[in-house]
Protein chains: 2
Amino acid sequence: MALIVQKFGGTSVGSIERIEAVADLVVKTKQQGHQVVVVLSAMSGETNRLINLAKQIDTRPSSRELDVLISTGEQVSVALLAMAIIKRGHSAVSLLADQVNILTDNMFGKARITDVAATRLKHELEHNRIAIIAGFQGRDIEGNVTTLGRGGTDTSAVEIAGAIKADECQIYTDVNGVYTTDPRVEPNARRMSQVTFAEMLELASLGAKVLHIRSVEAAGKHNVPLRVLSSFYPDAGTLISFEESDMPGNVVSGIAFNRDECLINVEGVLSGTQYLAKILKLFADNGIEIDMINQVNHNVDKVDYAFTVHTNDYLHALDVLTEQQAQLTAQNIFGLTTVAKVSAVGMGMKSHSGVASLFFDALAAENINVILVSTSEIKISVLIDEKYLELAVRALHKIFLTENE
Amino acid sequence: MALIVQKFGGTSVGSIERIEAVADLVVKTKQQGHQVVVVLSAMSGETNRLINLAKQIDTRPSSRELDVLISTGEQVSVALLAMAIIKRGHSAVSLLADQVNILTDNMFGKARITDVAATRLKHELEHNRIAIIAGFQGRDIEGNVTTLGRGGTDTSAVEIAGAIKADECQIYTDVNGVYTTDPRVEPNARRMSQVTFAEMLELASLGAKVLHIRSVEAAGKHNVPLRVLSSFYPDAGTLISFEESDMPGNVVSGIAFNRDECLINVEGVLSGTQYLAKILKLFADNGIEIDMINQVNHNVDKVDYAFTVHTNDYLHALDVLTEQQAQLTAQNIFGLTTVAKVSAVGMGMKSHSGVASLFFDALAAENINVILVSTSEIKISVLIDEKYLELAVRALHKIFLTENE
């Protein structure tokens, strides 16, 4: 008997029929002798419907009240699933954030979970009930409703799994696992049966949409094995664990990409770390996260910097820099939106040299220019012209991930 | 400066436009120098939409989970109204049942409020904020979500008004006051400027839809003056107080009616109070409230009983009785749904004889048969065939409430 947390996303509970199917799946797990805790998102479309109501009142509605509003979406889906499980003759109980004591900070709309007491949850499990918990929501120390931001239900599931020391946290979604790259771009993409947390963190942060990065971080922190699987066609899916991949043949585990980054160039800045520090402080003060950084020294006096930021922050970042152009001693500030990032990720890169060489050879063979490069122990990322993105993904997948024939 | 509780029902917040109008009305009261607490229902149609979702899963869904589900309706409306007031430059905060500590028993779907601590509410008022509270909902001692049943938002408003010792509790609705009967049935119905709690209690319990009976009881208990008025065309409305009506000319104040009752017959029961006691205990144990009771002794051995119950409890009540038919010694158990109750209510009936005679004469003149009768000091109620309901209301209104010409 294991203690299993099962998380279902919006499309998995997107209709009454889907909720009935999830109820079957949960009951099946229970009948296998496991203790089951379910964490749910709102029915797909519901959160957007609620946000649209708010926008009709105020284009920038109170963030506290927006959280009160949109947290109702999960409350609806947990009640409906509990009813469906009870109809099947099993004991079930829906629980809201305050009932599970999911404590967060008070950053409405993007709160972070600080503690999960789970006293009542443990009590319900002791009484052999299936607990159905509203994901995505929390309460701050004053009892105000908070939400964790899009993708937050994954984080809820993992934090709850950590609090009750679950044996596995299963993330049911509309895809059946983590792929070597996006199958819409590369039809030969293969599903991985296993991937490490380190790899998954890189894949998630690099734009693989399957798992929210915070949930992967949290799973790593709590040492909870994660499994990604399809609620439509459930099978073994992809296991994310601390163990090395079971595909030792591949140095690279996956090719990730991201269209949501823009390039910002700050050219002709006086040499000296203090100017780079000023730029970075400007970004930090304005809540702008930067991803890639590059520095080119033309001569002893002048330096060119290049950064990538999220598309949503692009205009803001340009404004902020341009306002301070004189203080930054920059001769020229300009950006480029038609860029994309492609990355190869793999634990095997730690011990295999020559990966970078293969990587750049593959791009060169397709005449793809590289604008920026960034590397870590287990990944290589490049920024390229957006129009070559699919070509680059396919070329890299072919070199690193095509099965031996 | 007064402390005013304003309650708005479903149609008053039935659309974004209506919520904006309510925001204007609340802000106007605040600008007059009053402290304002607002209590809201769900947007009209929302509760039914949610119940319909539940019924798609289970025709008799778990009552605990149904409460979790439908309580989201009020959460949505309080968040939206708070946004609308904040947009107008006033400080506002939405509060849910657990944040106001609205404690109830655990009779899901028809819970009763046992305590309102209102600690945080008082704190928000001290900080000059407009508090927008989700009506209709509460929490039991274990923290489970409960709802008070249809019309429960009135009760929430009154209980909250009592807890904070409000000067007046204003019930804004889609009618502009309490009428001598439903104007849709009798176009000559007149609005009362004032009515006593005793009369209102009878009118509410007999089916006048303006105010929920529990809210009138609670207002009487807490000594909170109630005012019923229109959120569409606000004026003085109808004041409900401890003082006698200002219409002394009428022995009868109003004609109430109720289509939501069904008849249940339990026939051929052995004589002896113990069997009636058993039947009543069955109803009580199953949370079924009965309204009218009638007993007919055919001979020394056998008794027929007739009861009326709410339409929602009808099938449940029949099931419960039929299961125990042998123990109850009943020869025959059957029901009838095509019935309705009509009542005449008035403080003047205490001191005027001959009212009952006029009442039955009026029905007899229209050939309306009476199935059951029930009376109190200030009312006469009869159960009749549903198809004669409108005719009966008009006949009684004409005799007792037509203005002298």
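**Close-up views of a two-chain model**

**View 1. A loop residue with a positive phi, Asn101(B).** Asn101(B) sits in the loop between strand 3 (92-95) and strand 4 (102-104) of chain B. Helices here are DSSP runs of H or I with at least four residues, strands are runs of E with at least two, and both are numbered from the N terminus. This is a predicted model, in which local features need pLDDT of at least 70 and side-chain atom pairs count only at pLDDT 80 or more, while totals for chains, interfaces and linings use all residues; side-chain values use heavy atoms, with hydrogens and water left out, residues are numbered from 1 along each chain as its sequence is written, and chains are lettered from A and ligands numbered from 1 in the order in which they are written. Back at the loop, Asn101(B) isn't a glycine, but its phi is positive, about 55 degrees. With 37% relative accessibility, Asn101(B) counts as partly exposed. On this scale buried means under 20% relative accessible area, exposed means over 50%, and partly exposed is in between (1.4 Å probe, protein chains only).

**View 2. Another positive phi in chain B, at Thr329(B).** Look in the loop between helix 11 (325-328) and strand 19 (332-336) of chain B and you'll find Thr329(B). Thr329(B) is a residue other than glycine, yet its phi is positive, near 60 degrees.

**View 3. The annotated pair Thr47(A) and Glu74(A).** An unreviewed UniProt entry puts a "binding site" annotation on Thr47(A) and Glu74(A). The two span 28 residues in sequence, but their C-alpha atoms are no more than 8.9 Å apart, so they gather at one spot. A word on the record: UniProt positions follow the numbering used here, feature names are shortened, and annotations may be inferred rather than shown by experiment. Thr47(A) belongs to helix 2 (residues 46-57) of chain A, and Glu74(A) to helix 4 (residues 72-87) of that chain. Both count as buried: Thr47(A) has 14% relative accessibility and Glu74(A) has 2%. Skipping neighbours within four places in sequence, Thr47(A) is in contact (heavy atoms within 4.5 Å) with Ala42(A), Ile70(A), Glu74(A) and Arg150(A). With those sequence neighbours left aside again, the contacts of Glu74(A) include Leu40(A), Ser41(A), Ala42(A) and Thr47(A), plus the run Ala134(A), Gly135(A), Phe136(A) and Gln137(A).

**View 4. Gly9(A) within a longer annotation.** The unreviewed UniProt entry also gives a "binding site" that covers Lys7(A), Phe8(A), Gly9(A), Gly10(A), Thr173(A), Asp174(A), Tyr179(A), Arg184(A), Lys209(A) and Val210(A). Zoom in on Gly9(A), in the loop between strand 1 (3-8) and helix 1 (16-31) of chain A. Gly9(A) counts as buried at 9% relative accessibility. Beyond neighbours within four places in sequence, Gly9(A) is in contact with Ser41(A) and Tyr172(A).

**View 5. Ile164(B) and the nonpolar cores.** A nonpolar core is a set of buried Ala, Val, Leu, Ile, Met, Phe, Trp, Tyr and Cys residues joined through side-chain atoms within 4.5 Å. The largest has 44 residues, and Leu121(B) and Ile164(B) have the most contacts inside it. Not counting residues up to four places away in sequence, Ile164(B) touches Leu3(B), Val5(B), Val37(B), Ala118(B), Leu121(B), Lys122(B) and Leu125(B). Another core, of 43 residues, lies apart from that one and has among its members Leu148(A), Val158(A), Ile160(A) and Ile240(A).

**View 6. Two buried cysteines.** Cys169(B) counts as buried at 0% relative accessibility, and so does Cys262(B) at 2%. Don't go hunting for disulfides (pairs of cysteine sulfur atoms within 2.5 Å): the count over all chains is zero.

**View 7. Thr196(B) and a backbone nitrogen.** Thr196(B) is part of strand 12 (residues 194-196) of chain B. Its relative accessible area is 3%, so Thr196(B) is buried. The side chain of Thr196(B) reaches the backbone nitrogen of Glu199(B) at 3.1 Å.

**View 8. Asn265(B) beside Phe334(B).** Asn265(B) lies in strand 16 (residues 261-270) of chain B and counts as buried at 12% relative accessibility. Asn265(B) and Phe334(B) are 69 residues apart along the chain, yet their C-alpha atoms are separated by 5.4 Å. Leaving aside neighbours within four places in sequence, Asn265(B) is in contact with Tyr305(B), Ala306(B), Asn332(B), Ile333(B) and Phe334(B).

Technical notes:
A polar contact is a pair of N or O atoms within 3.5 Å; within protein, one must be able to donate a hydrogen and the other to accept it, and residues adjacent in sequence count only if both atoms are side-chain atoms.
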